[in-house]
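Here are my notes on the model you sent round. I've kept them as numbered points so you can reply to each in turn.

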Amino acid sequence: MLSPTQRVPLIGKPNPTLTLTLAGVLALVVFVIDTFGHLATAIMVLYVIVVMLAATVLSRRGTLAVAAGCIVLTIIAYVFGHTEGPSYSAIGRCVLACVAIATTTYLTLRLQANTVRLEAQVHELDAAHEALHRSMTELAHATRVTMLGELAASIAHEVSQPIAAIVTNGDATLRWLRRDTPEIGEACEIVEAMIRDARRASDIIRRIRALAQKREPAFVPIDINAVVSEAMDLVNREVHQYGAHVDLELAHGPLIVRGDRVQLQQVVINLLINGLQAMTSIKDRPRVLAVRTYTDDRGRVIIAVQDSGVGVTPENAAKLFHAFYTTKADGMGMGLSICRSIVEAHDGMIDCVASAQPGARMEITLPLLSETLITP
Ligand SMILES: Nc1ncnc2c1ncn2[C@@H]1O[C@H](COP(=O)(O)OP(=O)(O)OP(=O)(O)O)[C@@H](O)[C@H]1O
Ligand SMILES: [Mg+2]
């Protein structure tokens with residue numbers, strides 16, 4: 001509710017000093033003309049403008065005080081202007097002006113109260129929106145951590161493989177160096193390979209740490225091809241475990257979008273895992289996960305993940321993205337619902353689209369940031 005001291009600007013953000021000066025000057029002019037002008041008009045009705053001006057910068061209490069002041073000025077002007085005796089027409093004009101001032105004040109204060117209520121509702125909506133955004137970030141993080149748990153085997157393999165290679169190469173280097181005539185050239189080559197392996201392992205750890213971290217999304221220009229490649233690295237092992245193989249075709253050249261790398265990676269990984277899971281029961285055809293990135297004829301970036309799994313019936317296609325919709329015994333049904341929230345926060349779309357081949361085809365469409373139009 002409106003507090004008596006609350007100031008409510010009705011139109012934009014008026015300058016209080018200027019508005020009050022204007023109101024004061026207008027009140028003075030009306031008072032002088034009303035008192036000394038001897039005009040047979042209800043000029044004091046113009047006090048309503050003074051009240052309305054004051055209401056734009058003053059609180060409810062201040063507006064009431066100005067209105068009361070205007071009524072007092074109207075009465076004083078009448079008393080000073082009619083010392084020779086009462087004039088019924090002047091009294092009528094005086095009463096009319098007082099009624100006009102009172103009515104305007106009442107309506108203005110109601111408008112003020114409604115504005116405050118509206119502002120409070122906008123504020124509540126903002127707070128609700130903010131809370132929704134926070135829960136969405138937290139939910140995305142929680143499911144990302146769950147997803148990382150599911151990928152533990154792949155991740156361990158991705159990290160331990162280069163480390164094992166470093167150990168093997170370290171042994172070989174020592175052998176080259178311990179020879180009577182050390183093979184410096186060979187040793188250097190192997191050390192370079194060790195450095196590459198170490199970088200690979202540390203890159204993977206960095207990516208996993210980024211996925212596990214809880215933080216606000218950061219929207220920056222990123223290359224979708226890099227996002228997809230890095231996501232592929234993390235599910236590599238999973239692909240082998242599911243007896244599937246990947247057919248990856250990335251657009252030639254970068255596809256730059258404005259987005260959060262970690263969140264978009266989460267979306268791609270979710271689609272890849274869903275695709276793999278949909279192919280577990282397939283025995284009569286190859287289990288293929290076809291992943292493509294390209295731009296469509298409208299210059300938008302497309303990431304398509306097509307599997308050769310059980311597919312999606314048209315009636316289920318709409319339900320896939322609903323929270324908690326799952327057909328899996330151990331599924332949460334949150335993967336695709338989170339994917340949709342993330343993609344929509346990137347001004348994009350995600351859909352299960354019809355395809356001539358057996359299986360499901362999921363497509364993410366994102367706005368391209370630069371004019372790097374590349375065809376598949
Ligand atoms: N590629 C696909 N092929 C066939 N069905 C799919 C595919 N992707 C998703 N679905 C269907 O959509 C449902 C919802 O998928 P979603 O990823 O949201 O949840 P989930 O995989 O069941 O569980 P989780 O929350 O652990 O990911 C799945 O249970 C499955 O029935
Ligand atoms: Mg899923």
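1. Let's start with phenylalanine 324, which counts as exposed because it has just 9 C-beta neighbours inside 10 Å, where the cut-off for exposed is 12 or fewer. Phenylalanine 324 sits in the loop between helix 9 (314-317) and helix 10. Its phi is positive, near 70°, and this is a residue other than glycine. Keep in mind that this is a predicted model.

2. Aspartate 347 is another one to look at. Its phi is positive too, at about 60°, although it is not a glycine. Aspartate 347 comes after helix 10, in the loop that leads from there to strand 6. With 12 C-beta neighbours inside 10 Å, aspartate 347 counts as exposed, so it falls right on the limit of 12 or fewer.

3. Between those two loops is helix 10 (335-345). Is helix 10 mostly covered or mostly open? Mostly covered: eight of its 11 residues are buried. They are Gly335, Leu336, Ile338, Cys339, Arg340, Ser341, Ile342 and Val343, so have a look at Arg340, a charged residue in that buried set. As for what the buried residues pack against, the partners are helix 4 (88-150), helix 8, strand 6 and strand 7.

4. Now the ligand. The shell around ligand 1 holds 22 residues, and those that come nearest are Ala278, Thr326, Gly331, Gly335 and Leu336. Helix 8 (261-278) and helix 10 each supply at least two residues of this shell, and helix 8 gives the most, with four. By residue type, the shell divides into nine nonpolar, 11 polar and two charged. Note that Gly335 and Leu336 turn up both here and among the buried residues of helix 10.

5. Which residues have the most contacts inside the largest nonpolar core? They are Val228, Ala231, Val267, Val268, Leu272 and Cys339, in a core of 42 residues. Two or more residues come from each of helix 7 (224-241), helix 8, strand 4 (288-295), strand 5 (300-307), helix 10 and strand 7 (361-367). Helix 8 again gives the most, here with eight residues. Leucine 272 makes a handy entry point: leaving out residues up to four places away in sequence, it touches Ala231, Val235, Leu289 and Val305. Another core lies apart from this one, with 25 residues that include Val30, Val51, Leu53 and Cys94.

6. On the strands: strand 5 and strand 7 run antiparallel and are joined by seven bridges. One bridge pairs glutamine 306 with arginine 361 in strand 7. Strand 7 also pairs with strand 6 (residues 349-353), again in the antiparallel sense, over five bridges. There, aspartate 351 stands opposite glutamate 363, which puts two charged residues across from each other.

7. Last, the overall layout. The protein is divided into domain 1 (16-128), domain 2 (151-214) and domain 3 (215-376). The C-alpha centres of domain 1 and domain 2 lie 83 Å apart. For a link across the sequence, try histidine 157 in helix 5 (residues 152-178): from there to arginine 237 is 80 residues in sequence and 7.1 Å in space, C-alpha to C-alpha. Histidine 157 counts as partly exposed because it has 16 C-beta neighbours inside 10 Å.

How values were computed:
Residues numbered from 1 in each chain as written. Chains lettered and ligands numbered in written order. Predicted model: local features only at pLDDT ≥ 70, side-chain atom pairs only at ≥ 80, totals over all residues. Domains from an automatic or database assignment. Near = placed C-beta within 6 Å. Core = buried A, V, L, I, M, F, W, Y, C linked by C-beta atoms within 7 Å. Buried ≥ 20, exposed ≤ 12 C-beta atoms within 10 Å, placed from the backbone. Contact = placed C-beta atoms within 7 Å. Pairing = 2+ DSSP bridges.
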